[in-house]
Amino acid sequence: MELKLMMEKLGAPQTHLGLKSMIREVDEDLDGKLSFREFLLIFHKAAAGELQEDSALMALAKLSEIDVAVEGVKGAKDFFEAKVQALASASKFEAELKAEQDERKREEEERRLRQAAFQELKATFST
């Protein structure tokens with residue numbers, strides 16, 4: 001759905017089958033979804049000339065390019081700063097997820113230790 005909305009906002013709407021085809025073209029882990037890494041693979045393949053010229057992925061790559069001759073250096077600077085910001089926010093999001101997972105692991109370990117202590121006390125009173 002996110003890919004569909006993005007393509008619509010970029011002015012290149014796709015059918016459901018077209019979107020599925022786009023995903024299949026770069027879906028390395030075969031989960032039917034685009035990870036951030038697979039999304040970046042679109043641009044890597046476009047730069048390497050590995051995408052068909054008439055494919056929707058090539059259209060996406062071209063829509064995301066910036067022509068310095070048209071936009072000027074300031075426009076290119078803004079474009080790349082926005083990309084850096086997006087990458088930084090993705091890294092921040094990943095760090096937050098990792099911190100959340102670590103917190104859950106810590107809480108689970110504490111719960112396990114409390115249960116073990118309880119079982120030990122229970123065994124003391126049971127005998």
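1. Start with helix 2. On one side of this helix, opposite its buried residues, H16, L17 and R24 are exposed. Keep in mind that this is a predicted model.

2. Now turn helix 2 around. This helix covers residues 16-26, and its buried residues are G18, L19, M22, I23 and V26. Seen down the helix axis, these buried residues fall within an arc of 135 degrees, so they line one face of helix 2.

3. Step back to the whole chain. The protein chain has five helices and zero strands. Its pattern along the sequence reads α-α-α-α-α.

4. How much of the chain is buried? Of the 127 residues in the protein chain, 19% are buried. The chain exposes about 9900 Å². Carbon and sulfur atoms supply 59% of that exposed area.

5. Look at contacts across the sequence. Take the contacts in the protein chain with a separation of 6 or more. Residues 24 or more positions apart account for 28% of them.

6. E38 deserves its own point. It sits in helix 3, which spans residues 36-48. E38 is buried, yet it has no salt bridge. Which side chain of opposite charge is nearest to E38? That is R37, at 7.0 Å. A salt bridge needs a side-chain nitrogen of Lys or Arg within 4 Å of a carboxyl oxygen, so R37 does not make one with E38.

7. What does E38 meet instead? A polar atom of the E38 side chain lies 2.9 Å from the backbone nitrogen of S35. Leaving aside neighbours within four places in sequence, E38 is in contact with V26, D27, E28, D29, D31 and K33. One of these, V26, is also among the buried residues of helix 2.

Terms used
Residues are numbered from 1 along each chain as its sequence is written. This is a predicted model: local features need pLDDT of at least 70, side-chain atom pairs count only at pLDDT 80 or more; totals for chains, interfaces and linings use all residues. Side-chain values use heavy atoms; hydrogens and water are left out. Buried means under 20% relative accessible area, exposed over 50%, partly exposed in between (1.4 Å probe, protein chains only). Helices (H or I, at least four residues) and strands (E, at least two) are DSSP runs, numbered from the N terminus. The arc is that of the directions from the helix axis to the C-beta atoms. Contact means heavy atoms within 4.5 Å. Accessible areas come from the Shrake-Rupley method with a 1.4 Å probe; for residues, only the protein chains shown count as cover. Lys and Arg count as positive and Asp and Glu as negative; His and the chain ends are not counted. A polar contact is a pair of N or O atoms within 3.5 Å; within protein, one must be able to donate a hydrogen and the other to accept it, and residues adjacent in sequence count only if both atoms are side-chain atoms.
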